[in-house]
Amino acid sequence: MADGLDFSGTGVLVTGGASGIGRTTVDAFAARGAAVAVCDLDPERTGEVVRELGNRHVAAPGDVSQPDEVAALVETARTGLGRIDVLVNCAGVSDSFSPTAEQTIEHWQRIIDINLTGTYLTCRAVAPDMMAAGGGAIVNISSIAGLAGLPRRNAYTASKHGVAGLTRALAGEWAQQGVRVNAVAPGYIRTPMTQTLIEAGKVDEMRIRRRTPMGRMGEPGEVADLMLYLASPLASYVTGAVIPVDGGYLAYAAATDAADIEEPRTG
Ligand code: NAP
């Protein structure tokens with residue numbers, strides 16, 4: 001592939017790789033020649049993805065919030081792939097949307113543990129090998145909630161701000177060793193996570209579309225494309241960046257709807 005996005009001979013570990021943005025990212029790297037280690041919580045679903053991809057790829061299931069499991073899954077990926085050149089952190093969970101006074105500390109802790117501590121643990125586990133090999137690339141997932149606040153979604157907002165801060169701190173520490181660390185900050189992307197929120201009435205698709213200058217939700221592939229770029233040599237001078245992929249959502253501050261959306265016809 002002559003477009004700078006050829007990942008042949010590259011080992012890529014993707015967490016949250018069995019669903020949504022992570023799944024699409026796994027396919028995108030595999031299609032460009034990478035050998036991919038797929039991490040997700042459910043070993044069955046993780047194995048299923050790898051069976052669909054073919055035997056160049058590796059299943060590395062595990063819970064990213066648990067230090068022992070992260071050590072084990074990174075070892076599985078390292079052994080199976082021979083090397084980890086790229087880490088993409090897509091594992092994550094949404095928030096409850098309940099009023100703050102009704103939220104429990106267990107609820108807060110779980111989201112911080114998965115979204116923020118999980119990202120920290122996987123970055124920490126892969127970096128020494130990347131440095132020893134002369135470099136590597138890490139792409140984390142923050143969110144529009146990592147750059148602005150979503151009321152009632154305290155733990156999610158704090159975890160995604162944390163991922164943005166962690167990305168910048170690690171980028172500064174590891175730049176001299178050739179390890180670039182960046183993050184994408186998606187807006188509302190059409191995945192099983194958002195579909196569940198829409199179906200539960202927690203997120204209103206029409207309001208999102210009206211609030212988004214481009215007038216639509218994003219597709220997982222539009223996030224994966226930015227991840228490919230950030231992981232590739234095309235981004236050789238990019239580190240510590242947290243880049244929105246949100247249809248203009250965060251750039252828009254006017255007090256009116258950003259886009260004219262026709263209500264879907266009913267009946
Ligand atoms: P998704 O379809 O639910 O995929 C997330 C995957 O991560 C699921 O397979 C999930 O497994 C897995 N996972 C959850 N906890 C894990 C753990 N402790 N260890 C390993 N894997 C775990 O969600 P998505 O929409 O693609 O979101 C992916 C990432 O993008 C998340 O970090 C999310 O916060 C972020 N993001 C999404 C949007 C959006 O609009 N979709 C916007 C901004 C940011 P289970 O299904 O078993 O829980």
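A residue is called buried under 20% relative accessible area, exposed over 50%, and partly exposed in between. This scale is applied below to a predicted model.

Leu-53 is a case in the middle range. Its relative accessible area is 22%, so Leu-53 is partly exposed. The residue belongs to helix H2, which covers residues 43–53. Beyond its neighbours within four places in sequence, Leu-53 is in contact with Val-26, Asp-27, Ala-30 and Val-38. Ala-30 lies 23 residues away along the chain, yet the C-alpha atoms of Leu-53 and Ala-30 are separated by 7.7 Å.

The strands were examined next. Seven of them form an open sheet. Their order is S3-S2-S1-S4-S5-S6-S7, and the pairing is parallel. Strand S3 (58–59) and S7 are the edge strands, since each pairs on one side only. In general, strands of a sheet pair through backbone hydrogen bonds, in either a parallel or an antiparallel way.

Strand S1 spans residues 11–15. Five of its five residues are buried, so S1 is largely enclosed by the rest of the structure. Both of its faces are covered. Gly-11, Leu-13 and Thr-15 are buried on one side. Val-12 and Val-14 are buried on the other. S1 pairs with strand S2 (residues 35–39) in the parallel sense, over five bridges. Within this pair, Leu-13 stands opposite Ala-37 of S2.

Elsewhere in the sheet, S5 and S6 also run parallel as a pair. Six bridges join them. One bridge links Ala-137 to its partner in S6, Arg-180.

The loop between S5 and helix H5 (154–174) holds Ser-143. At 5% relative accessibility, Ser-143 counts as buried, because the limit for that class is under 20%. Its side chain reaches the backbone nitrogen of Ala-145 at 2.8 Å. Leaving aside neighbours within four places in sequence, Ser-143 is in contact with Tyr-156, Lys-160, Val-184, Ala-185 and Pro-186.

Tyr-156 also takes part in the ligand site. It is one of the closest residues to the ligand, together with Ser-19, Ile-21, Ile-189 and Thr-191. In total, 28 residues surround the ligand. Several polar approaches were computed. A polar side-chain atom of Tyr-156 lies 2.6 Å from an oxygen atom of the ligand. For Ile-189, a polar backbone atom is 2.7 Å from a ligand oxygen. For Cys-90, a backbone N or O atom lies 3.5 Å from an oxygen atom of the ligand. Taken alone, the ligand exposes 880 Å², and the protein buries 89% of that area.

Helix H8 was checked for its length. H8 has 12 residues, numbered 220–231. The expected span is 1.5 Å times one less than the number of residues. The helix should therefore span 16 Å. Its end C-alpha atoms are 17 Å apart, which agrees.

Much of the contact of H8 with its surroundings can be traced through its buried residues. Pro-220, Val-223, Ala-224, Leu-226, Met-227, Leu-228, Leu-230 and Ala-231 are buried in H8. The buried residues of H8 pack against one helix, H1 (20–31). They also pack against strands S4 (86–89), S5 (136–141), S6 (179–186) and S7 (242–245). S7, an edge strand of the sheet, is thus listed among the packing partners of H8.

How values were computed: Residues are numbered from 1 along each chain as its sequence is written. This is a predicted model: local features need pLDDT of at least 70, side-chain atom pairs count only at pLDDT 80 or more; totals for chains, interfaces and linings use all residues. Side-chain values use heavy atoms; hydrogens and water are left out. Helices (H or I, at least four residues) and strands (E, at least two) are DSSP runs, numbered from the N terminus. Buried means under 20% relative accessible area, exposed over 50%, partly exposed in between (1.4 Å probe, protein chains only). Contact means heavy atoms within 4.5 Å. A residue is near a molecule or strand if one of its heavy atoms lies within 4 Å of it. A polar contact is a pair of N or O atoms within 3.5 Å; within protein, one must be able to donate a hydrogen and the other to accept it, and residues adjacent in sequence count only if both atoms are side-chain atoms. Accessible areas come from the Shrake-Rupley method with a 1.4 Å probe; for residues, only the protein chains shown count as cover. Two strands pair if DSSP finds at least two bridges between them.
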